[in-house]
Amino acid sequence: MCIFCKIVNKEIPSNIILENEEFLAFHDINPKAPVHILVIPKIHVKSFNEISPQTMNNVTKFMQDIAKELKLDKSGYRIITNIGEDGGQEVKHLHFHLLGGAKLAWTHLSDADPKGMF
Ligand code: 5GP
Ligand code: ZN
């Protein structure tokens, strides 16, 4: 069983923000911003590549609710999902990073020439 499935099953403790039948939101153990929340489906979905449009539809509302609850909807925030090798996905259970609580950096994300491909 993967580490996030264990968090869903409460075999590994987590600091939960919000939960419903389909999703769980909890604090990232190694935060990269003052607010760093992970949002995951309770069923094991490997990455964004595998998420169904229906689940994506439902997670949208779930994340909007979190943003409102934490008053990030006014100040702004960022949603990231890393996918596969190049995306830098370490945990192979789909998760959305919800980051905020301060002005976030936005810089080059790789050493490769950003104009190289087109
Ligand atoms: P990825 O690199 O796969 O997009 O992100 C994985 C995230 O999961 C990382 O930000 C990492 O800090 C977080 N993480 C890994 N293991 C645990 C854990 O056991 N508990 C919590 N709360 N976060 C974790
Ligand atoms: Zn899993």
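**Around helix H2 and two aromatic pairs**

In this predicted model, the buried residues of helix H2 pack against quite a list of elements: strands E1 (16-19), E2, E3 (35-41), E4 (77-80) and E5 (96-100), plus helix H3 (72-75). The residues doing this are Thr55, Val59, Phe62, Met63, Ile66 and Ala67, the buried ones in H2. Look down the axis of H2 and you'll see that its buried residues stay within an arc of 140°, so they line one face of the helix. Swing round to the other side of H2 and you meet Pro53, Gln54, Asn57 and Lys68, which are exposed.

What about the length of H2? With 17 residues at 1.5 Å a residue, the helix should span 24 Å, and the 25 Å between its end C-alpha atoms agrees with that. After H2 comes Lys71, where phi is positive, near 60°.

Now for the aromatics. A search of the whole structure turns up two aromatic pairs. Phe4 and Phe26 make an edge-to-face pair, with 5.6 Å from centre to centre and 85° between the planes. This pair ties together distant parts of the chain, since Phe4 sits in helix H1 (residues 3-8) and Phe26 in strand E2 (residues 23-27), 22 residues apart. Both Phe4 and Phe26 are buried.

Phe23 and Phe62 also pair up: their ring centres are 5.4 Å apart and their planes meet at 40°, which falls between the 30 and 60 degree cut-offs, so the pair is tilted. Here, too, distant parts of the chain are linked, with Phe23 in strand E2 and Phe62 in helix H2 (residues 53-69), 39 residues apart. Phe23 has a relative accessibility of 1%, so it counts as buried, and Phe62 is buried with a relative accessible area of 4%.

Terms used: Residues are numbered from 1 along each chain as its sequence is written. Chains are lettered from A and ligands numbered from 1 in the order in which they are written. This is a predicted model: local features need pLDDT of at least 70, side-chain atom pairs count only at pLDDT 80 or more; totals for chains, interfaces and linings use all residues. Side-chain values use heavy atoms; hydrogens and water are left out. Rings of Phe, Tyr and Trp (its six-membered ring) pair if their centres lie within 6.5 Å; planes under 30 degrees apart count as stacked, over 60 as edge-to-face and the rest as tilted. Helices (H or I, at least four residues) and strands (E, at least two) are DSSP runs, numbered from the N terminus. Buried means under 20% relative accessible area, exposed over 50%, partly exposed in between (1.4 Å probe, protein chains only). The expected span of a helix is 1.5 Å times one less than its number of residues. The arc is that of the directions from the helix axis to the C-beta atoms. Contact means heavy atoms within 4.5 Å.
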